[in-house]
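This report covers helix packing, two loop residues and one annotated span. Please keep the sequence and the structure in view while reading.

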Amino acid sequence: TNSLTMAWRLFKNLSEEQQRYEKQLIFEHPAFVRLCQQLLRDARRMTRGDLVFSLHALVNLGVPQNTLLVQTLVRVCQEKLNQLDNRCISVLATTLAGMDKDKNVSALQAGLQLLVEQRISSIRDIFILQNLMKCLGKDAPVFLKKKLEMAVVREIDGLTFPNALRMFLALAAMNYCSLPILNPCSKKIQENVHDIPFRQLILILEACHTLQYRNVKLFSALADYVNSTAYLWDKRQIILFLSACETLAFQPTELLDIFAEKVTEDPDFLNLKNLLIVLRVYSRLNHVPRVQKHLFFETLHSCLNKCLPQISNTELLKAVYSLGILGYLPHRALDELLQKDSKDELTLSDDLKEQNTVMLHSVKTCMELDSPSFTKPAFVLAENFSSLVSLNLRKAQEALIELLGDENMFRQNVQLPYRYHIDFEIRMDSDRKKVLPIAATDDHPDSRVQRLAFLFAPVSAFCLGTTHPQGKLAMKKRHLNKLGYHVILIQNKKFQEMKNEDAVEFLKRKIYSEDAFSFPEATV
């Protein structure tokens, strides 16, 4: 056992290429063959520790699972399962997690799960607990996940920083979001953020995504750390970090600005793969650099032009769509995209067809509305509207009736050209003092009439923890501005939580506020 374990410890620190070479030497060595034969003979006489550590070393050295030796050790572990102490259970769980499912492995895993259920109250070692969580994985029954959670919470006061890092990964492996564990772990990570290796930063963010755990303080601490040490990181590492933030809808503003500067200073590192990630991140988070934004867009445009000979149709569409969301039209790429569309080369399999159709429609809308030659129409004719509103807008409808006195003073569920939809529309006089009846302004169109569009958006349409709209919503707001609407964005969840009188007062402030009538052209 000591020989096998030492071989594994030396082996695991080698590079992948060295491992392949050493593995061949180990398997061909006559002493290794004799060692395996002796292990096969003595398997049933071994101590519990030697048994599980030998199996662990053999599996990790790459001895095939279907060999007589590995299968014999698995069966002996089944026979001696009740004799295993907590440490042996942890090692065995780790070993089984790396093995393929077969008859013996599945039977041993089932037995191990029953043993963990019985022993869980006696396990005090947090390392063993998180190891079991990681190895039992997402297929463990909910009641067992709950028992493991309670066992960890019992020992949470003794949580160390390394254990806090591992606990995130263990909960992600189990796909179990436990706030009583995650919140103390997050605090410990924030206190020691400068000691976290880069790979662990990514794994933490990925675990948060898996667990749907949204902790703005934690994300901000990680982003501030990367931001303050940006000069130490490779640009590709920063891309990975930004991509992980984007999946969480978290906008690390300062880091995005710093990275934009790095792109404009040295764009040569942007191959096609990295370029597409950068475009996706900045467009979804709706981030336009505070300085040199035109230079940033021109740099991305230039990189995209270089990639055109090798880019696929779908990638081209995604790239142009991302730049369109940000209000930038890459003319050469756009021409190529439209040529492919005219030849029906953008037709794809059914699973991508709908998504690509939506993106292509958005690109064509951007071409028209974001063109410098587009002029604001004097009047936009609604294609359709309905008096029916969804349940989640009922409160807003009632508040508007109470505020304005009559349903005829606003229009709801309005469908506009370019497939844009607004929840409520209100019209006001040119001095913005008085709300006008909808019918009267329809009968006598007047370019001086102010039109307000209310959009009640879900929290998921905004960057995490802010009122900053994500890319699609920001593009819609920009385009409605171009069509002559003053857009008022409201987070519907917060609105629903208001008392009725507060909701009325809130809408009153929004309607009569000067801010409602500003056109924020600088902020896309």
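Helix axes here are lines fitted to C-alpha atoms over the stretch in contact, and the angle between two of them runs from 0 to 180 degrees between N-to-C directions. The model is a predicted one.

**Helix pairs**

On that basis, helix H8 (residues 126-136) and helix H9 (residues 142-154) pack at an angle of about 160°, and their axes lie 10 Å apart. Angles over 145 degrees count as roughly antiparallel, and H8 and H9 are therefore roughly antiparallel to each other. The crossing of H8 past H9 is left-handed. On the H8 side the contact uses Ile126, Leu129, Leu132, Met133 and Leu136, which meet Leu144, Leu148, Ala151 and Val152 of H9. The residues of this contact comprise 9 nonpolar, no polar and no charged.

Further along the chain, helix H18 (residues 313-325) and H19 have axes that come within 10 Å and cross at roughly 130°. With that angle, H18 is oblique to H19. H18 passes H19 in a left-handed crossing. H18 contributes Asn313, Leu316, Leu317 and Val320 to the contact, while H19 contributes Ala333, Leu334, Glu336, Leu337 and Lys340. By class, the H18 contact with H19 holds 6 nonpolar, 1 polar and 2 charged residues.

A third pair is formed by helix H21 (residues 394-404) and helix H25 (residues 500-512), which pack at about 70° with axes 9 Å apart. This angle makes H21 roughly perpendicular to H25. Lys395, Ala396, Ala399, Leu400, Glu402 and Leu403 of H21 meet Asn500, Ala503, Val504, Leu507, Lys508 and Ile511 of H25. The contact of H21 with H25 divides into 8 nonpolar, 1 polar and 3 charged residues.

The geometry of the pairs is set out below.

| Helix pair | Angle | Axis separation |
|---|---|---|
| H8 and H9 | about 160° | 10 Å |
| H18 and H19 | roughly 130° | within 10 Å |
| H21 and H25 | about 70° | 9 Å |

**A residue at the end of H19**

Serine 342 belongs to helix H19 (residues 331-342). Is serine 342 buried or exposed? Its relative accessibility is 58%, so serine 342 counts as exposed. Measuring from C-alpha to C-alpha in the model, serine 342 and leucine 144 are 57 Å apart in space and 198 residues apart in sequence. Leucine 144, written Leu144 above, is one of the H9 residues that meet H8.

**Two loop residues with positive phi**

Most residues other than glycine have a negative phi. Glutamine 212 has a positive value, near 55°. Glutamine 212 sits in the loop between helix H12 (198-211) and helix H13 (216-228). Because its relative accessibility is 64%, glutamine 212 counts as exposed.

Alanine 249 also has a positive phi, of about 60°, and is not a glycine. Its place is the loop between helix H14 (235-247) and helix H15 (253-265). Which class does alanine 249 fall into, buried or exposed? With a relative accessibility of 10%, alanine 249 counts as buried, since the cut-off for buried is under 20%.

**The annotated span**

An unreviewed UniProt entry carries the annotation "domain: RAP" for residues 452-509. In the model, residues 452-509 are 48% helix and 22% strand. The end C-alpha atoms of this span lie 13 Å apart.

Methods: Residues numbered from 1 in each chain as written. Predicted model: local features only at pLDDT ≥ 70, side-chain atom pairs only at ≥ 80, totals over all residues. Heavy atoms only, no water. UniProt positions renumbered as here; feature names shortened; annotations may be inferred. Helix = DSSP H or I, 4+ residues; strand = E, 2+ residues; numbered from the N terminus. Parallel < 35°, antiparallel > 145°, perpendicular 65-115°, else oblique. Left-handed = near helix turned anticlockwise from the far one by under 90°. Contact = heavy atoms within 4.5 Å. Nonpolar A, V, L, I, M, F, W, Y, C, P; charged D, E, K, R; others polar. Buried < 20%, exposed > 50% of the residue type's maximum accessible area, 1.4 Å probe, protein only.
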